[in-house]
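User: I would like to go through this model at the bench, one question at a time. Please give the cut-offs behind each term as we go.

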Amino acid sequence: MNQICVFTLIASLAAVTGCASNTVADVSCSMPNAEIVEDYVDSASAKLDSYSCATSFDSLYSELIEIGKENPSEDNKAQFARLIRSGIDSGAISTKYGKQLFNEYFEPEFYALKTDVRSNCTALREREVFVSQMEEELGRKKVGMLDVMGDEDGFRLSQRYFTDLTTVMDAVAYSCESSLARR
Amino acid sequence: MMMKKEAVPTKVRPLVSACIAVLLAGPQVSTATVGTGPAINLFTPVSIESLSATSKNAKALESSLESLIERLETQSSLYEAANCAVATDSGCQNLLRGMKETYRALLVEMQDHLPEIRESIEVTRDSLANQMQMELGRKMTPGDLQRLLAGRDGFSDPLHSQRSSTKGGRLSGLFEGYYKLVKRNGVGADSGAVLASELYLDSMYSAKYLDLIEAEIDSQQTELLLELEWVDLTAQMNGTVGNVKRLLWGDVGDREELLNIGLEPLVETKATFSDLYVN
C-alpha cells in the first residue's frame with residue numbers, strides 16, 4: 001500500500017512539474033513586446049539564449065521585419081545582423097542559414113548564385129531554376145533593402161544585377177548549347 | 001541571277017582594316033586584366049570586323065529600301081482611298097501594276113542585300129558564341145559571373161551607363177552602337193560581358209528573323225512569277241513590308257531600354273558584416 005502511495009505521489013509530482021515547465025516555456029518564448037528595432041533585438045536575443053525558445057527564430061525574424069518596415073533605417077541592417085548572430089550563437093539556426101538570410105535580404109548580390117560550384121555550361125542547363133530563385137530573392141531584397149532599410153540605391157543595384165545576370169546567363173547558356181549542337 | 005557579294009564592301013575595307021590595326025596595336029579590347037582577376041576576352045578581331053560590316057550593310061539596305069517602301073506606301077494609300085479592292089476600273093489596274101513593280105523591286109533589293117547582312121550577323125554570332133562558351137561557360141561558375149558583373153575580385157568597376165547608347169531603333173544603328181562601344185578601349189570586363197551577351201542575343205534573334213524574312217521573300221517571288229491572286233498578294237505584301245520595316249527600323253518597345261540608373265557601386269565596407277557575408 002505504501003509503495004502504491006509513493007508511486008502515485010511521484011507520478012503526480014512529475015505531471016505537475018511537466019505542465020509547469022511547459023507553461024514557463026510558452027511564456028518565455030512569446031514574442032518580445034517592443035516597437036523599436038533595437039529594443040526588439042535586445043529582447044529577442046535574450047530569448048534566443050534560452051534553449052527552449054530555439055525554434056522560434058523564424059517568428060522573431062518575421063516580426064522584426066514588420067517592426068523594421070514601420071521604422072525604416074539603414075541602421076536596421078546592423079540590428080538584423082545582431083539577431084542573426086544571436087540565432088547562430090544560440091544554436092537556433094545554422095551558420096549557413098543565417099548567412100543565407102542576411103545575404104538574401106540585405107546584400108545586392110544574389111545568394112542563389114553563390115553556392116553552385118559547377119561550370120556555367122553545366123549549371124545553366126537549369127537556368128530557369130536560377131531565374132526563379134533570383135526572382136524570389138529579389139522580393140526578399142525589396143523587403144530588406146527597400147522596406148526595412150529604405151535603401152533605394154541598394155535595391156536598384158540588385159535590380160540591375162538581376163537584369164544583367166539574366167541577360168548574360170541566357171547568352172552563355174545559348175552559346176554552350178550552340179557549341180554542343182556543332183559537335 | 002543573283003551574284004554572291006563579299007562580306008565586307010570594298011569601300012568599307014580601309015575603315016575596317018584601320019580599326020583592326022588600332023585594336024591589335026593597342027590594349028586588347030574588352031580584356032579584363034585589372035588586378036588579379038582572370039583575363040576575359042570576348043571580342044575578337046573577327047567579331048569586331050563583322051560587327052562593322054553588319055552596320056554598313058544594314059545602312060546600305062536601309063537607304064536603298066527607304067524610297068521604295070515610301071513609294072509602295074503611297075501607292076497602297078491611293079489603292080485603299082480609291083477602294084480598289086472592289087473596283088476594277090483601269091485606274092485601279094494601273095495602280096495595282098505599279099504596286100506590283102515597286103514590290104518586285106523591293107523584293108529584288110532585299111534578296112541582293114539580305115544574304116550579306118545575314119552572313120556578317122552570323123559571323124558575329126558564331127564568334128561571340130565561341131568566346132562566351134570558352135571564357136564564361138567553361139571557365140566560370142554562376143558565382144564568378146556575378147562577381148564579374150559586380151566588378152569584384154580584380155575586375156574593373158561597372159561601366160553600365162555606356163550600354164544605353166547601343167539601343168537604337170535601326171538595325172544599322174544597333175550594330176553601329178555596339179561597334180563603337182566594342183572598339184572603344186577601356187571597356188570594363190563586366191560591361192564587356194553584358195555587352196557581348198546583348199550583342200550575341202541580338203545577333204541570334206536577328207539571324208533567325210532574317211531567315212524567316214528570306215523564306216517569305218522567296219515564296220512571294222514565286223507567287224509574283226505565277227501571277228497569283230492580287231488581293232492575297234496585297235495582304236502578304238503588307239506583312240512582308242511590315243516585317244522588313246521592323247527588322248531595319250525597329251518597333252517601339254521592341255528594344256526596351258535597360259535600367260540606366262547611374263548608380264555608383266555601394267561604398268559600404270563589407271568588413272562590418274564579414275562574418276555573415278557570402279562571397
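User: At what angle do helix 2 of chain A and helix 3 of chain A pack, and how far apart are their axes?

Analyst: This is a predicted model, in which local features need pLDDT of at least 70, side-chain atom pairs count only at pLDDT 80 or more, and totals for chains, interfaces and linings use all residues. Residues are numbered from 1 along each chain as its sequence is written, while chains are lettered from A and ligands numbered from 1 in the order in which they are written. Helices (H or I, at least four residues) and strands (E, at least two) are DSSP runs numbered from the N terminus, and axes are lines fitted to C-alpha atoms, for helices over the stretch in contact, with angles running from 0 to 180 degrees between N-to-C directions. On that basis the two helices of chain A, helix 2 and helix 3, pack with their axes 10 Å apart and at an angle of about 175°.

User: Which word describes that arrangement of helix 2 of chain A and helix 3 of chain A, roughly parallel or roughly antiparallel?

Analyst: Angles under 35 degrees count as roughly parallel, over 145 as roughly antiparallel, 65 to 115 as roughly perpendicular and the rest as oblique. With an angle of about 175°, helix 2 of chain A is therefore, relative to helix 3 of chain A, roughly antiparallel.

User: How many nonpolar, polar and charged residues make up the contact of helix 2 of chain A with helix 3 of chain A?

Analyst: Two residues are in contact if their C-beta atoms, placed from the backbone, lie within 7 Å. By that rule Val37(A), Tyr40(A), Val41(A), Ala44(A) and Leu48(A) of helix 2 of chain A meet Phe57(A), Leu60(A), Leu64(A), Ile67(A) and Gly68(A) of helix 3 of chain A. Ala, Val, Leu, Ile, Met, Phe, Trp, Tyr, Cys and Pro count as nonpolar, Asp, Glu, Lys and Arg as charged, and the others, Gly among them, as polar. The contact thus divides into nine nonpolar, one polar and no charged.

User: Which residues on the other side of helix 3 of chain A are exposed?

Analyst: A residue is buried if 20 or more other C-beta atoms lie within 10 Å of its own, exposed if 12 or fewer, and partly exposed in between, with C-beta atoms placed from the backbone. In helix 3 of chain A the buried residues are Phe57(A), Leu60(A), Leu64(A) and Gly68(A); they cover an arc (taken from the directions from the helix axis to the C-beta atoms) of only 75° around the axis, which puts them on the same side of helix 3 of chain A. The exposed residues on the other side are Ser62(A), Glu66(A) and Glu70(A).

User: Which helix of chain A gives the largest share of the side that touches chain B?

Analyst: The contact takes 41 residues from chain A and 31 residues from chain B. On the side of chain A, two or more residues come from each of helix 4 (76-90), helix 5 (95-106), helix 6 (120-123) and helix 8 (152-182). The largest share, 20 residues, comes from helix 8 of chain A.

User: Is Tyr200(B) buried or exposed?

Analyst: Tyr200(B) is found in helix 6 (residues 189-225) of chain B. Leaving aside neighbours within four places in sequence, Tyr200(B) is in contact with Ala171(A), Ser175(A), Arg125(B), Leu128(B), Ala129(B) and Met132(B). Because Tyr200(B) has 28 C-beta neighbours inside 10 Å, this residue counts as buried.
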